[in-house]
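Visitor: I'm new to this structure and would like a close look at a single part of it. Could you bring it up and walk me through that part?

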Amino acid sequence: MSPIIATLIQIVFILLIAPLAPGLVRFVKARLQGRKGASPFLSYITLLTLLRKEMVISDVTSWIFRVAPFVVLGSSIALAMILPLIFTGGSLAQLSDFLVVAGILVVGSIFLVLGGLDAGSAFGGMGSSREITIATLLEPVVILIFSTLSFMANSSTIDGILKSQINFSEPYLLLSVIALILVALAENARYPVDNPATHLELTMVHEAMVLEYSGKYLALLEYASAIKLTVFSVLIANFLFPATLLNAFSWSAGNLLGAVFLAVMKIIVIMIGLAFLESMIVKMRFYRMSEYFSIAFVVAFLAMLVALLSSYNDTPIKYYIIFSIFTVISVVLLFGRVRLKAILRYYAFSSLSIAAIALSLISMVRKEEIIHLWIFAIFTIITKVLAVPYVISHIGHAKKSLTNLPSFLRPGKSYFLAIILLMLIYFTLKNISIVGLTEWNALLYTAVALIVLGITMMIIKRNIFSQIVGLLVIENGIAVFVLATVGSLPLMIEFGIFGVTVATAYILAILSAQINDLYGSTDTDDLRELSE
Amino acid sequence: MNPIFIIIPFLIASLGSLFLKTEKQVGRINLFFSILGGGALIFYALPFGLHIRGKEISQWWLMDSFSALLVFLVAFIYIVTTIISTRYIGHEYEEKIINLHQYKLYFALFQMFVLCMILALATNNTLVLWLALEGTTLFSTFLVGLYRKKTSIEAAWKYMILCSTGISLGLVGILLLGYGAHEAGLSGENIFSIHALMESSQAIPHDVIKLAFIFLFIGFGTKVGLAPMHNWLPDAHSKAPSPISAIFSAILLNIALYAILRFKFIADSAFSDPSWTNNLFLIFGFFSIILSALMMLIQTNYKRMLAYSSIEHMGLILFSLGLSPIGAMAAVMHMIGHTFIKSTLFFGAGEILIQWKSTKVEKIKNMLMRARYTSALFILGILAIIAIPPSALFMSEYGMFSQAIAIYPILAIIIFIALGIIAYAMLALTINMIFATEKIEDNIEYKKERWNITHTIMTVELIIVAILAMWFTTSGGINIINNIVKDFLFIK
């Protein structure tokens with residue numbers, strides 16, 4: 001059937017379902033918090049009620065105040081029309097160029113900002129200032145994400161990107177989607193960027209701007225934000241499962257029913273996920289927003305780097321390489337830290353990355369080794385992510401003095417040393433040719449880097465706890481080495497090695513507690529009794 | 001017989017030590033099971049060692065005359081150390097130096113520690129070998145730090161950190177070797193089987209072998225106490241309870257060396273030329289001897305003196321092995337002799353420590369009067385360790401020098417001088433302890449020393465050493481040593 005009808009169906013569907021999305025989030029959140037919660041369909045009634053209410057408009061406002069709700073709603077509806085939500089190749093699909101999409105988003109937020117400023121109230125101005133800051137920080141990330149995707153899909157429209165049947169064996173896509181989720185949270189004024197449920201002047205962004213609106217205009221603005229939330233959630237789901245989209249040129253009524261059902265399911269699942277997320281985390285301070293967007297930017301940038309490198313090198317960059325990079329980076333970060341808690345956190349993260357490396361190797365090994373990799377990953381998580389950091393921090397926590405671990409080097413110099421070491425290892429490994437190891441180069445490099453960094457850490461850090469962590473890092477390096485060389489060990493041995501790791505951490509932790517009791521400090525410089 | 005049965009008496013004794021109520025019961029159960037388990041092990045190992053039974057190789061177990069020799073030594077030292085421990089640790093318990101909890105912990109860990117050593121010797125799997133060696137470190141850390149004093153905890157810390165790091169590097173070597181074997185076409189569990197690696201080492205890429213062997217040598221060499229990695233050894237040996245020092249020095253170092261030798265065979269047969277590994281052995285052996293000679297001169301602590309002497313003897317064994325194949329026979333003799341003599345000396349040191357409560361040489365005066373049996377046996381032990389004939393070490397050092405003079409005359413002379421320095425230093429310290437008289441005013445009343453079980457064991461060990469020296473000169477003895485050497489040494 002014709003693409004025009006397809007686009008019409010899509011817009012009607014989105015307009016109808018939109019108020020359900022914020023209602024669902026509120027409902028699930030209430031349930032999670034132990035309240036009964038209002039019906040998920042309450043938003044429809046709220047909107048209808050608002051439409052019937054009288055408006056109160058300040059005398060000092062200009063035409064901008066009156067135009068803004070229509071422009072904002074218009075931009076949201078435009079998004080719902082051009083983006084591939086149920087159909088690809090709809091009649092307006094050519095318009096879904098990512099620069100156009102970004103432009104529409106910006107027009108919406110600019111008018112929202114102007115509407116907030118226009119009334120001249122203090123809250124409106126504050127919200128507008130915050131909103132425009134966020135929008136500025138957001139813009140480069142959006143462009144980066146979509147330029148990566150369009151580069152790989154050879155098409156600048158989002159429609160084309162989704163049509164090119166991208167798949168997740170390429171790590172850049174996962175990274176892009178993670179960045180897109182971060183962007184979507186900010187764009188829709190959800191946690192941790194904004195709290196949609198309060199009118200607290202310290203925190204509100206979106207609510208501050210619409211504070212002066214009432215009645216029909218407020219209904220329009222609320223409706224616009226509901227549409228935007230729905231559009232973004234369906235879009236992210238479509239990036240994850242591009243096969244669920246219908247082609248606008250060839251579809252039947254049966255197909256359509258299935259697709260609509262899937263779209264509803266996508267919205268419900270994503271809203272439940274959002275509710276879980278919002279129940280677990282808190283809103284960030286506004287001044288930490290730059291960190292949030294730095295993370296989004298770095299993730300998007302990494303995705304672009306990976307995409308460019310894999311198309312430049314012919315050999316695509318696989319997941320295990322990404323996770324190897326994570327492992328090494330977290331050890332380098334650990335290198336410069338002084339707080340025991342932070343060090344253990346980075347250690348746990350690098351162990352987690354090692355487990356992820358093992359899992360990402362699953363697609364490349366023989367069938368009988370898959371189970372070994374699973375066991376390896378699970379036991380790595382149990383022992384190295386949970387048990388070992390717990391044991392050490394438990395004993396370290398009992399002694400308050402242990403929270404700071406002095407080093408012979410300042411953090412800056414430690415990072416510098418770590419980077420020099422990493423470069424040295426790279427050039428050394430390049431000159432050692434071990435037959436056949438080329439295939440797992442990144443893993444080998446990671447293993448050697450971890451071992452060398454662990455040994456260096458034992459030397460330059462003055463604290464016994466850092467020595468424990470150094471030893472554990474060496475053991476992590478050996479774990480990666482196992483993956484790089486022999487792939488998997490016999491089961492009994494694997495258990496034995498994990499047991500040895502935990503036992504080592506336990507014994508060392510007890511010894512260090514005893515040292516702390518006897519010496520009154522954990523500085524290795526004080527361990528000089530045996531210098532005879 | 002499946003060697004897995006050997007685990008049972010150790011486990012019973014270990015658990016029994018933890019759960020029995022009184023110190024008497026713990027002592028008895030340990031004595032009973034160590035004589036039972038150790039006796040069974042000796043009974044099991046002797047036929048292999050004397051070449052009455054041939055090699056036995058299965059997927060997990062490997063028993064040839066070399067491992068049988070070491071199993072025999074472990075079992076012997078195990079039995080005598082348990083007997084001494086019941087006296088020594090029992091005495092410290094009575095003196096309230098340690099409490100009942102520590103007493104029980106000591107025996108429980110001690111049993112597991114010995115079990116790990118036996119496992120390391122009996123296994124045919126490189127990874128089990130690694131696990132067992134790491135197990136010896138894990139179980140013995142608290143034995144070193146038993147006294148919960150500043151110094152002993154620090155020694156335990158050093159021991160654990162250095163040995164764990166070293167052994168972790170050894171694991172890298174094992175994995176590399178496994179990888180090389182994988183490349184060479186071995187599959188499945190075979191890439192970690194010592195025997196399979198020995199059989200098919202020719203196909204393993206030489207680069208991989210070299211790299212792997214360096215890792216293994218440095219890693220396990222830390223546990224042997226070779227020169228630049230020796231730091232933990234004097235501390236751990238001097239701060240541990242004396243029976244533990246004895247078992248460390250007499251046998252644990254040899255077991256780490258056993259691991260290196262197994263891999264040396266693989267490397268040598270891969271290159272079909274032992275000179276590369278021999279050179280490594282020569283260099284590290286040489287520097288260990290020189291280092292201990294220099295350190296020996298400034299010692300003021302008799303247990304540290306004995307510890308440095310252990311470094312020296314490990315160096316000598318390594319140097320002899322570097323002079324293979326004839327030097328290897330000297331090395332095996334040296335290993336056997338050193339095990340008996342060094343354990344005797346540490347038992348003697350334990351007796352001195354019990355009586356004087358100090359390990360400082362300057363505090364100990366007039367030993368001849370106050371502890372005549374101990375001092376007589378101790379000085380005999382010192383004479384034996386500096387290789388005065390009829391010590392078994394004289395035979396081995398004679399064998400080594402006759403080789404070394406021919407091949408590396410300059411090194412041989414330097415080592416000879418170093419051994420002279422060591423002999424002088426050890427004798428000077430010991431004579432000072434034994435014959436120096438106290439000032440009249442500190443002359444306190446003391447009881448005359450009674451003959452006790454420690455003295456009996458020391459005497460027995462010294463007699464064994466003398467008999468061994470005779471036996472090494474007979475053709476039967478030479479034959480058996482020769483057979484042992486053939487089992488672990490690659491000969492072109």
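Which residues does A:Lys266 touch, not counting residues up to four places away in sequence?

Guide: Happy to, and keep in mind that this is a predicted model. Leaving aside residues up to four places away in sequence, A:Lys266 touches A:Ser233, A:Val234 and A:Ala237. A:Lys266 itself sits in helix 11 of chain A, which covers residues 253–280. Is that spot buried or exposed? A:Lys266 has 21 C-beta neighbours inside 10 Å, and the cut-off for buried is 20 or more, so A:Lys266 counts as buried.

Now let's look at another pair of helices in chain A. Helix 10 of chain A spans residues 215–240, and it packs with helix 8 of chain A, residues 171–187. Their axes are 11 Å apart and make an angle of about 175°. Angles over 145 degrees count as roughly antiparallel, and therefore that is how helix 8 and helix 10 of chain A are described.

Who meets whom there? On the helix 8 side of chain A you'll find A:Val177, A:Leu180, A:Ile181, A:Ala184 and A:Glu187. They meet A:Phe232, A:Ile236, A:Phe239 and A:Leu240 in helix 10 of chain A. The residues of this contact divide into 8 nonpolar and 1 charged, with no polar ones.

One of those helix 8 residues, A:Leu180, also gives us a way back to where we began. A:Leu180 and A:Lys266 are 86 residues apart along the chain, and their C-alpha atoms are separated by 16 Å.

How values were computed: Residues are numbered from 1 along each chain as its sequence is written. Chains are lettered from A and ligands numbered from 1 in the order in which they are written. This is a predicted model: local features need pLDDT of at least 70, side-chain atom pairs count only at pLDDT 80 or more; totals for chains, interfaces and linings use all residues. Helices (H or I, at least four residues) and strands (E, at least two) are DSSP runs, numbered from the N terminus. A residue is buried if 20 or more other C-beta atoms lie within 10 Å of its own, exposed if 12 or fewer, and partly exposed in between; C-beta atoms are placed from the backbone. Two residues are in contact if their C-beta atoms, placed from the backbone, lie within 7 Å. Axes are lines fitted to C-alpha atoms, for helices over the stretch in contact, and angles run from 0 to 180 degrees between N-to-C directions. Angles under 35 degrees count as roughly parallel, over 145 as roughly antiparallel, 65 to 115 as roughly perpendicular and the rest as oblique. Ala, Val, Leu, Ile, Met, Phe, Trp, Tyr, Cys and Pro count as nonpolar, Asp, Glu, Lys and Arg as charged, and the others, Gly among them, as polar.
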